[in-house]
Amino acid sequence: EIAPRGPFATGLYSPAFDIYSESRLTLMSDLREALQNNQTELYYQPKVCLNSGEIVGLEALLRWHHPERGWVCPSDFVPLAEETGVIRQLTHWAIGEGIRDLAGLLREHPSLTLSINISTRDLASRELGERLSSVLAQHTVDAERLTLELTETAAMEDPEKGLRALKALADTGLRVSIDDFGSGYSSLSYLKRLPASEIKLDRSLITDICASESSRVIVETAINMVHGLGYRVIAEGVENEETAHLLREMGCDKLQGFWLCHPLPVKELKNWLAEHNEAPVRTRAYSRILT
Ligand code: C2E
Ligand code: MG
Ligand code: MG
Ligand code: MG
């Protein structure tokens, strides 16, 4: 995580946080190259509906194989890509790759939807909407099949403009999901104005609901509030059966997490989906919490 915004944010110059330091600039030029040279790949993590047990969606998660550094985690470069503007190239690439894979998966699994992570930064330009509509058209995929997961990593510079941009995207049929809700900058007053259809509860809220009564109260209240506002709710970072069970009892609509499945490359994901090959797709793990 990048704490201070820019080198002078704390009043003290700190090379470790200097976004213009040489190693960070090198990382960003490496990322630009990687996006062009097939060193990046999208992995997909399934989401299960807690009512039906169906696999209803996938989230695309970026993986970068750096020739010298090995695997680099998104949390190590996405914030930097946002700071430097390289995020636009990243998002452009992810949209092309993700929708192409989705088009292929829809032939076997026509009810799937795909979520792509976007940054509030992407909302500042017209590029996003244009790119989405052209790639969807190219692969003849309906806009309803695609969800944009928006994280508030930074307070929006111009929230009104951001909201208008989101509204315009939602008007084209795309779904909007608010990612990592309950962490960072997401505020309640802003929540009621969002053209979203889904709110995703942050992993930090979910992790200890089995152990902590107060976490349970927060999550249950959040689920009720989100439902009251007319949105669907999904929990991320579900790592065990007990947590899945509890979320189902609390009325959570969907979940994803290592308990259900780790993020997988598209080939492995196809096998995983085929293994759960009833129509509708049901997961064995899920059937254990049905009762
Ligand atoms: P996120 O969108 O909140 O994604 C969820 C993260 O949690 C992913 O980490 C995923 O691998 C991880 N995860 C899933 N299930 C579990 C679980 O049960 N336990 C734990 N401990 N972790 C779990 P990942 O792939 O490292 O991505 C980190 C963040 O980087 C994402 O958070 C997202 O904000 C960002 N990111 C990833 N790919 C993209 C992308 O293509 N574009 C943009 N703009 N951001 C991306
Ligand atoms: Mg996400
Ligand atoms: Mg998330
Ligand atoms: Mg998260």
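1. Let's start with leucine 260. In this predicted model, leucine 260 has a relative accessible area of 7%, so it counts as buried, the cut-off for that label being under 20%. Leucine 260 sits in the loop between strand E9 (254-255) and strand E10 (264-265). Now look for lysine 47 in the 3D view: 213 residues separate it from leucine 260 along the chain, yet their C-alpha atoms are separated by 7.9 Å.

2. A similar pairing is worth finding in helix H3, where glutamate 97 lies. Which residues does glutamate 97 touch, once its neighbours within four places in sequence are left aside? They are Leu42 and Tyr44. For leucine 42, the distance to glutamate 97 is 7.5 Å from C-alpha to C-alpha, while the two are 55 residues apart in sequence.

3. Helix H1 is a nice place to practise checking a helix by its length. H1 covers residues 22-36, which makes 15 residues. With 1.5 Å a residue, the expected span is 21 Å, and the C-alpha atoms at its ends are 22 Å apart, so the expectation and the model agree. Just after H1 comes asparagine 38, with a positive phi near 60 degrees.

4. Please turn H1 so that you look down its axis. Its buried residues are Arg24, Leu27, Met28, Leu31, Ala34 and Leu35. These fall within an arc of 120 degrees, and therefore they line one face of the helix. What do these buried residues pack against? Their partners are strand E1 (40-49), strand E2 (55-66), helix H2 (74-84) and helix H3 (87-108). On the face turned away from the buried side, you will find the exposed residues Glu22 and Gln36.

5. Next, the metals. Which residues coordinate the magnesium ion (ligand 2)? Glu59 (OE), Asn117 (OD1), Glu149 (OE) and Asp179 (OD) do, at 2.1 to 2.3 Å. Along the chain, these donors follow the spacing E-x57-N-x31-E-x29-D. Glutamate 59 belongs to strand E2 and glutamate 149 to strand E5 (residues 146-151), so this pair ties together parts that are 90 residues apart in sequence.

6. Are the two glutamates at that site buried or exposed? Glutamate 59 has 5% relative accessibility, so it counts as buried. Glutamate 149 is at 0%, so it counts as buried too.

7. The magnesium ion (ligand 2) has a metal neighbour. Aspartate 179 bridges it and the magnesium ion (ligand 3), and these two ions lie 3.6 Å apart. Moving on to the magnesium ion (ligand 4), its protein donors are Asp180 (OD) and Glu236 (OE), at 2.1 to 2.4 Å. Aspartate 180 coordinates both the magnesium ion (ligand 4) and the magnesium ion (ligand 3), which are 3.0 Å apart. Aspartate 180 lies in strand E6 (residues 175-181), while glutamate 236 is in the loop between strand E8 (232-235) and helix H9 (241-249), so together they tie parts that are 56 residues apart in sequence. Both aspartate 180 and glutamate 236 are buried.

8. Have a look at the backbone of aspartate 180 while you are there. Its phi is positive, near 55 degrees, although the residue is not a glycine. Threonine 140, also not a glycine, has a positive phi of about 40 degrees. Where does threonine 140 sit? You will find it in the loop between H4 and E5. Its relative accessibility is 71%, so threonine 140 counts as exposed, the cut-off being over 50%.

9. Finally, a word on empty space. Rolling a probe the size of a water molecule over the atoms shows where such space is left. How many cavities of 30 Å³ or more does the structure hold? There is one, and the largest cavity holds about 80 Å³ of space. Its lining is made of Arg88, Thr91, His92, Ile95, Asp122, Ser125, Glu127, Leu128 and Arg131. Helix H3 and helix H4 (127-138) are the elements that give two or more residues to this lining. The largest share, four residues, comes from H3.

Conventions: Residues are numbered from 1 along each chain as its sequence is written. Chains are lettered from A and ligands numbered from 1 in the order in which they are written. This is a predicted model: local features need pLDDT of at least 70, side-chain atom pairs count only at pLDDT 80 or more; totals for chains, interfaces and linings use all residues. Side-chain values use heavy atoms; hydrogens and water are left out. The expected span of a helix is 1.5 Å times one less than its number of residues. Buried means under 20% relative accessible area, exposed over 50%, partly exposed in between (1.4 Å probe, protein chains only). The arc is that of the directions from the helix axis to the C-beta atoms. Contact means heavy atoms within 4.5 Å. Donors are N, O and S atoms within 2.8 Å of the metal (3.2 Å for Na, K and Ca); water is not among the atoms, so sites may look incomplete. On a 1 Å grid over the protein atoms alone, a cavity is a set of points where a 1.4 Å probe fits but cannot get out, and a pocket is an open set with protein on both sides within 12 Å along at least five of seven lines; lining residues have an atom within 4 Å of a point. Grid points are joined across faces, edges and corners, and a volume is the space filled by probe spheres set on the points.
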